[in-house]
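Please look over the structure shown here, with some of its strands and helices in mind. A short exchange about them comes after it.

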Amino acid sequence: MALALKPGTDWQTTYARAQAVAPEAFRDNGLLNYWGGRWHEGTPRQATSPLDGGAIIGPPELDARGAQRAVVESLYQHRTWSMAPLAERKARVSAAIEDIAGQRELLALLLVWEIGRTWAAALDDVDRCVDGVRWYLDEIEEMMAGRTPLRGPVSNIAAWNQPMSVLMHAMLVQTLAGNAAIAKAPSDGGVNCLTLAVALAARHGLPLTLVSGNGSELAASLVSSPVIGCLSFVGGRDPGGAVAAKLFDQSKRHVIEAETLNCWGVWEFSDWDTLSAQIRESFVHGKQRGTAYSRFVVQRSLFDEFLAAYLPAVRSLAFGHPLAVASPDDPLPALDFGPLISDRKAKELHDAVDEAIGHGGVPLHRGLLEDGKFVPGQEISAYFAPAAILTPSVLLASRAASPLHHTAPFGPVDSIVLVDTEAELLSEMNVGDGSLVASVSCDDESTAHRLGAGLQAFKIGINRPRSRGDREEVFGGKGASWHGAFVGGELLVQSVTYGPDRLYGNFGAYSQYPTV
């Protein structure tokens, strides 16, 4: 039976629902920016949904002057809010998060249209925000003991891929800790979802600011302004380095998470059924997240057994339009991933795979778009079928010429490297100059821990994946993957407050790591 869009999930209906919930922020012709406790117009920009290439509402862009006004207004709010009793902050944040929880499905549906998440993944992004903030509400009194808010607001610049579980979550915890919080809406997607979440929270008097615009034009206010108490950035490694370079005052508190190449090593291993399931799970979000595993480094003598576990897993992946159903009464489909964030990204990934093969890579698997689940006649240029490339044993200089050797593809593509010694395993897994996570599959746990100790990754998984984590779990990176304070658990509160202890993190003068 041909698939069709599930009734009631189309973009026009979804936007109308958001407009009915928050008419102060959603207009017929576009969204508004929020600062100083009021909604302000920007220059409306149309966006394109990765689901089907159709037009959707994009960010209301500000110029540099508008951003400067927003930051100054945030500073005024910060000075008042930082003096508010913790009990009042808790009450207001609690009321805000419950209102956000009440719009769980609408927020998730906006995410599906804006960034191409599957229905399950979009709900998970909202749920992690809600559950995380509730946890901090229970723990904040102990975390704030002996600590005070910063002298200025926190400026947040984050990538598009986790608008609720990372960006909105961070803003609410920052306000709970006594700070005003500013966010630049991601240019690639998520602004509608964030606008609704901010509108719901703003009704409870939280000192939030949400602005949109060109990153380079707004940087003077959002990054370099002396009134900013802390800069929090999540994004690509090159943009992260550029942001770090703009921190003229290096004493300014900062949290900079950069895109990383996360590797999974396989050495003296035999539990292939477990690994096969983990391989399939690694394709969640189409590997479009900072903690995705996109390289497997495998002991050469195990390659045949590894391939027998890997190929069935990757061939079983289901992808396509997240809202397409065979019958109007059917539930939304259970997919492993939807589209990439844009057709431009899909083309870049096609080019990267072709270039890797041109430099000697061997295609082990190249899925077909025809295997995806789509509405007949829909635009599919933003979709990418899963692929895997074997990197041959050639000179390192030749492998390094491939764009997949040092950088993450940020899409459903794996590179596989074969090694013969433990030294080669560690060298290939550390090729990215530091990472957020890494894993080792090995039957002998003592050997696995010994190998893990040689990896330049913040979190090491032994026979299991690692991720950003939630609630009490801390998070950071090693090497070029992280600059500044670490976050997660009590470290998130410490990163945006003053206290007696030296911060955990990667700084110019020192690096200090917690137990993970």
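The questions and answers below concern a predicted model.

Me: In what order do the seven strands of the open sheet follow one another?
Reply: The pairing within this open sheet is mixed, and its neighbouring strands are turned by 20° against each other on average, direction ignored. Read across the sheet, the order is S17-S18-S19-S15-S14-S20-S21.

Me: Why is one side of strand S17 and of strand S21 left without a neighbour in the sheet?
Reply: Strand S17 covers residues 362-366 and strand S21 covers residues 457-462. One side of each is left without a neighbour because both stand at the edges, each with a single partner strand.

Me: Which residue in S19 stands opposite alanine 387?
Reply: Strand S18 (residues 387-391) pairs with strand S19 (residues 413-419) in the parallel sense, over five bridges. Helix H12 (residues 343-358) packs on the sheet and touches S17, S18 and S19. Opposite alanine 387 stands valine 413.

Me: Are the residues of strand S9 that point one way and the other buried or exposed?
Reply: Strand S9 spans residues 154-158 and is mostly covered. Val154, Asn156 and Ala158 point one way, while Ser155 and Ile157 point the other way. Whichever way they point, all are buried.

Me: What is the handedness of the β-α-β unit that S9 makes with helix H6 and S10?
Reply: S9 and strand S10 (residues 181-184) pair in the parallel sense over four bridges, with isoleucine 157 opposite lysine 184. Helix H6, residues 163-176, belongs to the unit together with these two strands. The β-α-β unit is right-handed.

Methods. Residues are numbered from 1 along each chain as its sequence is written. This is a predicted model: local features need pLDDT of at least 70, side-chain atom pairs count only at pLDDT 80 or more; totals for chains, interfaces and linings use all residues. Side-chain values use heavy atoms; hydrogens and water are left out. Two strands pair if DSSP finds at least two bridges between them. Axes are lines fitted to C-alpha atoms, for helices over the stretch in contact, and angles run from 0 to 180 degrees between N-to-C directions. Contact means heavy atoms within 4.5 Å. Buried means under 20% relative accessible area, exposed over 50%, partly exposed in between (1.4 Å probe, protein chains only). A crossover is right-handed if, with the strands pointing away from the viewer, the path from the first strand over the helix to the second runs clockwise.
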